[in-house]
Amino acid sequence: MKKRKKNRKLSFNKIKEQEFFHGKYKITWKKPYSCDGICFDPNIKEIKINPNMRNSKQFLKILIDESIHANFWNLDNEIVYDASTSIANFLWDIGWRLKNK
């Protein structure tokens, strides 16, 4: 009988702030509303990320998406979505992974 892998949380450093184009953003590791990530406008300078995601590729995509928003706030969300998806796919294809706890 095969042992099933447990769906464990991802392991990563929960930093409290990060420097982006518009300055230092507060990073909050808490699920925002009904999505997995959100970047607030440059006047607020905060990013909220769901820390309980279990899909490493989706987590990577959300981090890239919110980072693009922090750097280029005025970009259309559809452009940011497309760019973050293609960058996440590229990094995934070359072997980027987070380990599970």
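**Entry 1: overall layout**

I read along the sequence and noted the pattern β-β-β-β-α-α. That comes to two helices and four strands, where helices (H or I, at least four residues) and strands (E, at least two) are DSSP runs numbered from the N terminus. This is a predicted model, in which local features need pLDDT of at least 70 and side-chain atom pairs count only at pLDDT 80 or more, while totals for chains, interfaces and linings use all residues. Residues are numbered from 1 along each chain as its sequence is written, and side-chain values use heavy atoms, with hydrogens and water left out.

I looked up the box next: along the principal axes, the C-alpha atoms of the chain fill roughly 55 × 25 × 25 Å. Of the 101 residues in the chain, 33% are buried; buried means under 20% relative accessible area, exposed over 50%, and partly exposed in between, with a 1.4 Å probe and protein chains only. I also checked contacts (heavy atoms within 4.5 Å). Among those with a separation of 6 or more, 42% link residues 24 or more positions apart.

**Entry 2: how the strands pair**

I counted strands as paired if DSSP finds at least two bridges between them. S1 and S2 run antiparallel and are joined by four bridges. They form a hairpin with two residues between them, and Phe20 stands opposite Gly23 in S2. S2 also pairs with S4, this time in the parallel sense, over three bridges. Here I noted that Ile27 has Ile47 in S4 as its bridge partner.

**Entry 3: the nonpolar cores**

Which residues make up the largest nonpolar core? I found 12 residues in all: Leu10, Phe12, Phe20, Tyr25, Ile27, Cys39, Ile47, Ile49, Met53, Phe59, Ile62 and Ala70. The term covers buried Ala, Val, Leu, Ile, Met, Phe, Trp, Tyr and Cys residues joined through side-chain atoms within 4.5 Å. Strand S2 (23-28), strand S4 (46-49) and helix H1 (56-71) are the elements that give two or more residues to this core. H1 supplies the largest share, three residues. I also came across a second, separate core of five residues, including Leu60, Ile64, Ile68 and Val80.

I then picked Cys39 from the largest core. Neighbours within four places in sequence aside, Cys39 is in contact with Tyr25, Glu46, Ile47, Glu66, His69, Ala70 and Trp73.

**Entry 4: aromatic rings**

How many aromatic pairs does a search of the whole structure find? I got three, taking rings of Phe, Tyr and Trp (its six-membered ring) as paired if their centres lie within 6.5 Å, with planes under 30 degrees apart counted as stacked, over 60 as edge-to-face and the rest as tilted. Phe12 and Trp29 form a tilted pair, 4.9 Å centre to centre with 50 degrees between the planes. Phe12 lies in the segment before strand S1 (17-20) and Trp29 in the loop between S2 and strand S3 (37-39), so this pair ties together parts that are 17 residues apart in sequence.

The pair of Phe20 and Tyr25 is edge-to-face, at 5.5 Å centre to centre and 90 degrees between the planes. Phe20 counts as buried because its relative accessibility is 12%, and Tyr25 counts as buried at 0%. I also logged one aromatic cluster, formed by Phe12, Trp29 and Phe59.

Elsewhere, I found Arg97 over the face of Trp92, at 3.5 Å from the ring centre. My test for this was NZ of Lys or CZ of Arg within 6 Å of the ring centre and within 35 degrees of the ring normal.

**Entry 5: Thr28 and Glu17**

Thr28 is in strand S2. Is Thr28 buried or exposed? I have it as buried, because its relative accessibility is 17%. Its side chain makes a polar contact with the side chain of Glu46 at 2.6 Å. By polar contact I mean a pair of N or O atoms within 3.5 Å; within protein, one must be able to donate a hydrogen and the other to accept it, and residues adjacent in sequence count only if both atoms are side-chain atoms. Beyond its neighbours within four places in sequence, Thr28 is in contact with Glu46, Ile47, Lys48 and Ile49.

I closed with Glu17, which sits in strand S1 and counts as partly exposed at 44% relative accessibility. A polar contact of 3.3 Å joins its side chain to that of Lys24. Outside its neighbours within four places in sequence, Glu17 is in contact with Lys24, Tyr25, Lys26 and Ile27. I also looked up its C-alpha separation from Ile47: the two atoms are 9.0 Å apart, with the residues 30 apart along the chain.
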